Amino acid sequence: MAERNSIGWVKNVATFHANPRSFLSSISVESFVDDLLKDLKSESLNEQTKVLMLDLFLEFPILLCPEKSSGELTAEILISILQQMPTSIKSINLRCHLLLAIETVLITTDNFNWNCKVAQDFASLLMHLISDINDRKQGSSNRPLRVTACECLRELECCYPGLMSQRLEHLYTMQQQEVTTAHQSYTLLYSVALKNAVQILAQKEGPANGTLKKMLTSNDSFVWSATKDMKELQLSSGEQLFMLPSNNETKELKSILALLLEDSFLFTSVCQNSLFWQITQIVAMVRTISPVIFKSQLVRLFGTKDISCFHSILQMKAVFTDSLFTAEDEHFLLQRLVGMTKHPLLSTPVKLFYLDCVLHFPENRPLNSNPGENLPVLLTVQMTSSLFPNIFNDSITMLCRQNLLSMVYLENEGYRSEKGIGYLFEHLLALYSMVDKNANREITATFFRSVYLFVRYFNFCEKHMENLTKTLLELYKSQSSLALYFINLINETKILLEFQPWSVSLSKGLQSYIVNLPVESSTVKFLPWHLKILSRVAQETNIPQTSTVLFLRRLVFQSDLCQKGDWGLGNALLSVCKHILQHEHLNVVFMHLADLLQHLMHRFEDIDIRDRSRLYYILLTNVSSDKLCKILNMYPMGGPTKTRSLSSIMTESENFSTMVTIQNTEKTILCLCPIHDEESALLSSAEVSMEESMADEYRLQEYYQYLEDHRASLLGLKYHLTFKGDVEEKYHKLSCIVLQFDLTHSKYEEIDNINIMRLYADRKPPLVTLYLVPKEPHPSVLGVNATFNTENGCTYNSKLDPLHITFPEHFAPLPVPPSCPLDVRYHLFGSLWHALQPDDQNQCEESIFCHKMSKETLQEFVQSHFSKFLVSSQDHEYKIAILLPPKFHILMNARYREDAACFDIRTDNWTILPYLNSYLRDLSHNT
Amino acid sequence: MPVRGLWIFSHRPGECGTVKFSRRYPTVEKRAKGFNKSSYTPIPENEDLVNVLLRELGLTDDNKHFVDYRDNCSRITKTNVYSLTFPDGKLWPILAIPDGDFIYVCLPLVEQILTPTPPLISINSISEAFALLYGMKQFVDFRHSTVADISLRLAQLPLLVTQVCPLGTPVDTNLTAPPEILSSISTHLAYKTPAWRTSKQKGKAQIEVFITEKVNSTQYDKGDDSDTWQVYGTISCKCNLETINQNVIVGLNLPANGSPLQDILVHPCVTSIDSSMLISSSVAATDDSAFNGPYKFPFIPPFDLFQLCYYTSQVPVPPILGFYQMTDEGHQAQISVKLKLHESIKNGFDYCEAQIPFFNKGQMKHFEYKASHGQLEMSREKSRLLWVIGQKFPKSLEITLTGTVTFSSEKHPKDPVDPVCSGNTAYVKLFFRIPDYSLTGCYTDQHSIQVFSSAKPKIIASRELISSQYYIWNSKAPAPVLCRSFFD
C-alpha cells in the first residue's frame, strides 16, 4: 500500500483501475476499504482525490464489498460521511458521488431491502432531497444533488419495479411544480414509476374498477416488497406486455400522459427517447388510450438529425404500426430513413445503423415474420438508386449497400432490376481491377466478400456467373498468391449453394489452368499456391483428377524438385496425392499415381517425404479403396503411441488437433523476464582519453561500416526464461527448449530460434539474449512460442505472453571497435551531429524538448536515465548519443537554461520523434 | 435506457491496444443479469476486452496474408455493432466506433434474452449508446487536438461522464456543456426551462448564423449524363442572449431561381417544424410544386456553437465544368486541362486551385506548360502539380492549361501509388471557396431572424461555398463510376 496522501491515492486508484483483480490479490481487501473510508473522512485530502476514490465504489462495489454485511457497513459509513458534510457549493461533486456510491453499493451487495436500515435511511434521504422543489430551501447550488437523487431513485425504480408505485401522486406533483432544468429528471422518474405501476396492474388479472385511479392518486410509502427478487425483471419487448380492460378511468391517465409529452421538447434528446419509450409502453398496455396522443410529436421527430429521437419514432412505429402511422406516414418514414442512410452530413456508423434499420423496418403489414433481414415492400428500385456502392465507399458501406441492392433487384423484377444487376457486376469488376493491380489486404478481402454476395443472390444468372468465373480465373493467373482466398470462396459458396455447381466450375477452371502450366521457374515459384488449390480440387468427387496427376508427374519428372528435397513442397505434393487417394474415381488415375509415388519414394531428397510416399504407395497398391478412405481418415482412439504413429499419415492441410505428436499446454507456463542490464552502464564513464589523433581517425564512414558489419548484434535484449506462476509438476524439468518468434507485425527482421538446454524449477533460470534488427525503431510486440520436452518424454508447445518491446529498449550506446578509445564517442557525436543536419533530401529532423527543472535535477535526470549514452558532461551541459540499431540515431544536447532543462535533439529518423517526446515527457513528469 | 459500460481504447498498427478510459455500471450489470438470464455474459477485464475487440475488428495479424477469422468471405460486417467471444460466452451488442488511433466502445443494456439475437432497431438503448459515444468523441476531439490536450481531456472525462451518465442512463450527451454546477441566480420562473445548457449573455447580445455549403462533383467529359454533382449544407448558429428561456426563429430564404432544400435534418433544440419543409427528398422523384421557402426554424439556443440544420440539394449545373486529358508515351505525359466557371456563379474566390496528382508513374523530373491563367507549382515530393487559379476567373470565365511532364525513370519506394489510378486513370481535383455565396441561393438576413426580447441583438449572417470531393477524371482513360442512372 502506497502512501495515503493525495498523490498516493491517485496512484492507487489508477493501479486499481488498470487491473482490479491483481491489485486486490496483493493486499487485503478489508484493510484497503478501511483505509479508503478513513481517508474519505480525512480533511487532509482534497475533494478531487476523494471523488476519484469514490469512483472505485461506483465501478467495483462487489470487489470491494464481497459480502453482504461489508456492503451494509460501507454504505452506513458513506451515509454518515455525507450527513456530516457541510452543504457548501464546493463539495457538491463529492456529495453527488457519495450518493451514487451508496446507491451502487446497496444495490449490488443485495442490501436494498426492508431488513436493511441503511437502505431505508438512504431511500428517505433521497426523497427528502428531491422534495426541495425549485431550489426553494437549499438554493440552486444544491440542484446537482437533487438531480443526482432523482437519478438514484430512477435507478432504484428500474432495479425494483414498483418500489414507488404507491407514491405516484407525490412524484407527479413534484414533476408538475419543478420548472428549473431539473424538471427533466423529475419527469423521467415519474414516467418510469408510472410505467411500472401500470405494468403491475396489468399483470393482475381483472383489476377492479377504480384501481387505476387509486394508483394515480396514491401517496403512501415505498413498496418494499418490490425489492424481494430482482431476477424477475419484466422483458420490455412489445408482445410480452399485458392489456388492461377498458374503462372510463383512463381519461385521467390520458391527460397526464398528454401533459408529459407536451414538455418533451424541452428535454435533451436522450431523455426524450427515454420518456417516449416509457409512455409508448404505457399506451401499449392500456388499450383504451389511443396512440394518437403521439401525433403532435411526430413531425418534430420525422425531421430530427438526432439518432436518439429518430430511433424513438422507429420504435413507436414498431409498437403501434397502423394505429399511429397511416400508409402515407409509413411511406414517408421509410423515405426519410433511406434518405438518412446516405446523407452526406451523417457519420458512417450512424448511416450503417440506419441501413440495418431499413432491413428490419417495422412495416404496417409485414409479408412474413422472418426475424432476419427483410426488404420493406415499399422500397423500390428508384428509391435505392442513389445507394449504389462505389469504390470510394469504405468497405463496410460498400458491402452493405451491395447486399441491400441485391435484395431489391431480386425482389423487383423488370428491366430496371436487370440493369441494376449488371451495374452490380460492373462494380465487382471495378474492385477486381484494383485487386488485380495489387491492392491492399482490405480491398482484396472486400472483393472476395463482394463476389460471395453476388454469388449468393444471383447464382441463377448464367451469363453473369460465367463472366464471374472468367474474371476470377484471370485474377488467379495474375495473382496466384491469393490461392487461400480462392479456396475460402470455394468452401463458402459450396456451403451456401448446396446443389448449385458454380463452385465446382470455378474449381475446374482453376485446375485446368494449373495443369496446363509449363514446368518452368515461374510455375515453380507459385507452386505452393498451385498445390494448395489442386489439393482442394481433389476433394471434389465429380472433378476428374487425371490431369492433376499427370501434371504432378510431369512436374516431378521434369523439374529439380526431388533433388532440392524441400520438405514443405514435398508435403504439399503429398497432400494432393492423399486427397486423390480418397477420390471416388481412383481407378482411373491408379497407374499414374503409382508412378508418381514411386518416383517420389525413390528420388525425393527428404527422408520423411520418401517414407510417406512409400506408405501411400503401399496403401494404394495393397488396400481396397473403401479401407483406404477409412485409414486415411482415421482418428486416434487416444494414448500417446497411437497419436504418434498416425501423425505421419497426416499432411499439413489437416486438422491437427486430434493427431498431434506435439501437444499444447493448457495455459502459458513460461515467461521471459527482462533483465535490467547494469553492466553496460559502466562503459559510459569514459576513461581519460588517450591520444586525440587516434580518435580523429575513426571516421564516420568507418563507423557506418562498423554498424553494417555488426548489424545483427547491435541490439541484444537480455531475459531470464522462467516459469510463469505455479506450474504443474510434470513441467518442473524441461529440456531442449526452442523459442520461436512470431513477427506478428514485422517490425523486425527474421529472428533465429533460440535453443536452451534446460529449465529446472529448482535451479537458476537460464539467460536468454534476443538479438533484434528492427526495421523501424518503434515500440512493438513479438509473439513467442516455446517447444520443449518434459521429463516423461512428451513434447509440448506453449505460447508465451507476447513480448512488448518498448521504445527505450531499442536504445544502444554508440558502439566503438575494441581497438578505439572510448572518448572516440565524443568526436563521433560531433560528426554525427553535423551529419544529421536536416534538409529536403534526408529523413533527419531537429526537435527541442524543454522541461522546468533545477540544475541538480537535470544532472540526476541524465545520470539516472541516460548514463549509458552520455558522451560528455561539462557545466551542466550533457551530450547524449543513442544508437537505434541498426542504423538510426538520437543525439541530444541537454543544457540547463533559465530554470529549465533544454534538450536539443537531432535524429536521422523523424518517425521516432513522437515516441521520444512521450518518453521524455513521462520521464520528466516522474522526476 | 442504460448502458453497461463505456471505454476508449487506443490502437496503433503493430502495437497492442491500450485502455484510455473505462467506466462500468454495476447496477446496470445486475439488471443485465436479470434480463439476459442464461444468455448473460459478464464483462471481462479491460485488457481481455481490448484484445478480443481488436481481433474482431481485424486489426491484428497485420502482416499475414489470409487469416480465416478475419478474411473469410462469408464474414460480412454490416454495422459497427460486434459480438465478442469470451470463455464465459458471447458479449453482444458491443458498439465500437473508431476515430484515428482511438476506438470508442459502449455496451448497451438489452432488456431481453439475447438468443436469438434481436434486431438492433428493437434495442432501446442502442441509439443512446451511439449518442454517448459521439458525445465523448466530440469532447476528446482526437483529430484536432494536440497530444497534451487529449491527455488533459481524458483526465477530465471520468468526472464528466459521471455527470452526464451517473448510473448508466444518460441524461445528456453533450460533454462540452455539462449541466451547470454553479449558478447563484435564483429566478422564479413561470414555465419550464430547457434541460440543456442555454446561452447566457456575456458581452453584447448577438446571433451568428453561418451557412456552409459544400459541393461534390465527378466529371468525365464523356458527353453523356454520367457527370454528377451534389450540394449539401450546414447551418451553424451561435447565440449570445440575455435570458435563459429565449426563443429565436431563424428563417432561410430562397430566391425565385433557387434550388429547394432537400433531406432537411434539424437539431433537437428546434421546437417545431413545418411538415411541408420535409417533403422534398432526394430519395423520391421531386415534384415541381415543391416547397421553396422560407424555411423557419424556431429554437431555444444551446450556449455553444451548434448545427441548427443539415440539408442537401440538387442544383441544375455544377459551379465549375471541366475536362482533363492525359496521355503518355514512355516517360512523358501530355496533359490538357480546361475549366469553365458557370456564368451564374459568383466570380470571387477566397482561393481556387486545381491539384493534378500523378500516381504509379514515378517522380516528375521536368515540366513544360502553357497556362492561360494562374501559376503552376510542383509539390515537394514531386508527384503533384498545383495550378493556383487565384481569386478570379478571367472575363471569358474559361481557363486552360496544357503541358508536358517528364518523369524520372528510376522508381522510388515512396512514389505515390493508388490502386484506382493505374494506367492512365487519373484526375484533377479542385479546391475552392467562394465567400458570401451559396449554390442553392439560400440566405438569411436580419429581417428573417426573430428574437422575442426588448433588446435587439446584433445579427451576423454569413455564407460560403466550399468544394469537397470535386474530381475531373481523365477522359482518355477508364474512370471509376460513382453514380448509376436508371432513367434511360
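**Close-up 1. B:V105 and the residues it touches.** Leaving out residues up to four places away in sequence, B:V105 touches B:W7, B:F9, B:L53, B:I94, B:L95 and B:A96. As in every view here, what you are looking at is a predicted model. One of these partners, B:L95, joins B:V105 and A:F486 as the residues with the most contacts inside the largest nonpolar core. That core holds 307 residues.

**Close-up 2. A second, separate nonpolar core in chain A.** Next, let us turn to a core of 30 residues that is separate from the one above. Among its members are A:F861, A:Y878, A:I880 and A:F888. For orientation, the domain assignment places residues 810–925 of chain A in domain 5.

**Close-up 3. The C-terminal annotated stretch of chain A.** An unreviewed UniProt entry lists residues 827–922 of chain A as "domain: AP5B1 C-terminal". This stretch is 32% helix and 41% strand, and 30 Å separates the C-alpha atoms at its two ends.

**Close-up 4. The N-terminal annotated stretch of chain A.** Here the label from the unreviewed UniProt entry is "domain: AP-5 complex subunit beta-1 N-terminal", given to residues 35–106 of chain A. Helix makes up 78% of these residues and strand 0%. The end C-alpha atoms of the stretch are 20 Å apart.

**Close-up 5. A:E157 in its helix.** Look for A:E157 in helix α9 of chain A, which runs over residues 143–159. A:E157 counts as buried because it has 26 C-beta neighbours inside 10 Å, and the cut-off for buried is 20 or more. Setting aside neighbours within four places in sequence, its contacts are A:L163, A:M164, A:V192, A:A193 and A:N196. Of these, A:N196 is 39 residues from A:E157 in sequence, yet their C-alpha atoms are 8.1 Å apart in space.

**Close-up 6. Domains 2 and 5 of chain A.** The domain assignment divides chain A into domain 1 (163–287), domain 2 (290–379), domain 3 (519–660), domain 4 (670–809) and domain 5 (810–925). If you bring domain 2 and domain 5 into the frame together, their C-alpha centres lie 61 Å apart.

**Close-up 7. Chain B, home of B:V105.** To finish, here is the chain from the opening view. Chain B contains five helices and 21 strands, and its C-alpha trace spans about 70 × 65 × 50 Å along its principal axes. Of its 488 residues, 41% are buried. Among contacts in chain B with a separation of 6 or more, 74% link residues 24 or more positions apart.

Notes:
Residues are numbered from 1 along each chain as its sequence is written. Chains are lettered from A and ligands numbered from 1 in the order in which they are written. This is a predicted model: local features need pLDDT of at least 70, side-chain atom pairs count only at pLDDT 80 or more; totals for chains, interfaces and linings use all residues. UniProt positions are given in the numbering used here, feature names are shortened, and annotations may be inferred rather than shown by experiment. Helices (H or I, at least four residues) and strands (E, at least two) are DSSP runs, numbered from the N terminus. Domain bounds come from an automatic or database domain assignment. A nonpolar core is a set of buried Ala, Val, Leu, Ile, Met, Phe, Trp, Tyr and Cys residues joined through C-beta atoms within 7 Å. A residue is buried if 20 or more other C-beta atoms lie within 10 Å of its own, exposed if 12 or fewer, and partly exposed in between; C-beta atoms are placed from the backbone. Two residues are in contact if their C-beta atoms, placed from the backbone, lie within 7 Å.
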